[in-house]
Amino acid sequence: NLDNGLGGTQTEENKGLTDKGIEVIKWIYERPMILDVSHMSKQTFWDTLDLASGTVIASHANSRALCNHPRNLDDDQILALAERGGVVGLVFSQAFVNGGSETKDLNRLIEHAWYIADLAGVEVLAIGTDLGGIDDPIPEVAGVDRFNVLVEALEKEFGSDTPKILGENSIRALRTSLV
C-alpha cells in the first residue's frame with residue numbers, strides 16, 4: 001500500500017514506475033510469471049501495461065465507478081486488462097465495495113460484478129477476496145466457511161457463467177502466462 005522503489009501505489013496516484021520498476025517488469029516477462037497490478041497507482045498501472053507483453057491481472061480490486069476507492073480500477077483500466085486476457089478479482093472489503101452507497105453487503109459486491117461484466121465481459125471476472133489482508137469484510141462472506149453464500153448469489157445472478165467467475169477465468173489467465 002505504500003510507495004516503494006519500483007513505483008507509485010495508491011498513496012501517490014501520479015507516480016509511475018521507477019527505473020528499477022521497469023527492470024523488474026522486463027525481468028518478469030522473461031520468465032513464466034504473471035503480473036498483478038493490484039496496489040499500483042494509475043500511472044504505475046499504465047506504465048506497466050506499456051511494458052508488459054502478456055497477461056496482466058488485478059488479483060483484488062473492484063470498480064472505481066461504483067466506489068471511488070484509490071485501489072479500485074476505472075473503466076479504462078478494466079477494459080485494458082480484459083483486452084490482455086486478464087482478470088479482476090473481486091475484493092470483499094467494505095471500503096472497496098461501498099462508495100457512499102447505503103448497501104454495504106453482498107448485494108453491493110454483486111453490483112460491482114455486474115458492472116464489470118457489462119463493461120468488459122464476464123471473462124474478466126474472478127474472485128480475489130483479500131480475506132487475509134482486510135479488516136472490514138462484507139459480513140455475509142467474512143470467511144471461507146461462508147463461501148457458499150457467494151456461490152449461491154453468483155449462481156442466482158450469473159447462472160451458467162458462475163464457474164468462469166469462481167475459477168475458470170483465473171485458470172485461463174494463469175495458463176496463458178505460465179506455460
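1. Let me start with a cut-off that will help throughout: a residue counts as buried when its relative accessible area is under 20%, as exposed when that area is over 50%, and as partly exposed in between. F158 has a relative accessible area of 8%, so F158 is buried. Please keep in mind that this is a predicted model.

2. Here is the general layout. The protein has seven helices and four strands, and along the sequence they follow the pattern α-β-α-β-α-β-α-α-β-α-α. The radius of gyration is 16 Å, close to the 16 Å that the globule rule gives for 179 residues, so the protein is as compact as a globular protein of that length. The C-alpha trace spans about 45 × 35 × 30 Å along its principal axes.

3. Two overall figures are worth having in mind. Of the 179 residues in the protein, 46% are buried. Taking contacts between residues at least 6 apart in sequence, 65% join residues at least 24 apart.

4. Now to the strands. Strand β3 covers residues 88-91 and has both of its faces covered. V88 and L90 are buried on one side, while G89 and V91 are buried on the other. Strand β4, residues 125-129, runs parallel to β3, and four bridges join the two. Which residue of β4 is the bridge partner of G89? That partner is A126. Strand β4 is mostly covered too, with four of its five residues buried.

5. Helix α6 deserves a closer look. This helix runs over residues 147-158, and its 12 residues should span 16 Å at 1.5 Å a residue; the C-alpha atoms at its ends are 16 Å apart, which agrees. Seen down the axis of α6, the buried residues fall within an arc of 165°, so they line one face of the helix. Those buried residues are L150, V151, A153, L154 and F158. What do they pack against? Their partners are α5 (106-120), β4 and α7 (162-178). Just after α6 comes G159, which takes a positive phi of about 50°.

6. L154 is a good residue to click on in α6. Its relative accessible area is 0%, so L154 is buried. Leaving aside neighbours within four places in sequence, L154 is in contact with I110, I127, G159, T162, I165 and L166. One of these, I110, is 44 residues from L154 in sequence, yet the C-alpha atoms of the two are 7.5 Å apart in space.

7. F147 is also found in helix α6. Is F147 buried or partly exposed? With a relative accessible area of 28%, F147 counts as partly exposed. Not counting residues up to four places away in sequence, F147 touches F92, I127, T129 and L166. I127 and L166 thus appear on the contact lists of both F147 and L154.

8. Finally, the aromatic pairs: a search of the whole structure finds two. In one pair, the rings of F45 and W46 have centres 4.8 Å apart and planes at 85°, so this pair is edge-to-face. F45 counts as buried, at 1% relative accessibility, whereas W46 counts as partly exposed, at 31%.

9. W114 and F158 form an aromatic pair that is stacked, with 4.2 Å from centre to centre and 20° between the planes. W114 lies in helix α5 and F158 in helix α6, so the pair ties together parts that are 44 residues apart in sequence. W114 counts as partly exposed at 32% relative accessibility, while F158 is the buried residue we began with, at 8%.

Note on methods. Residues numbered from 1 in each chain as written. Predicted model: local features only at pLDDT ≥ 70, side-chain atom pairs only at ≥ 80, totals over all residues. Heavy atoms only, no water. Buried < 20%, exposed > 50% of the residue type's maximum accessible area, 1.4 Å probe, protein only. Pairing = 2+ DSSP bridges. Expected span 1.5 Å × (residues − 1). Arc of directions from axis to C-beta. Contact = heavy atoms within 4.5 Å. Phe/Tyr/Trp six-rings, centres within 6.5 Å; stacked < 30°, edge-to-face > 60°. Rg over C-alpha atoms; globule rule 2.2 N^0.38 Å.
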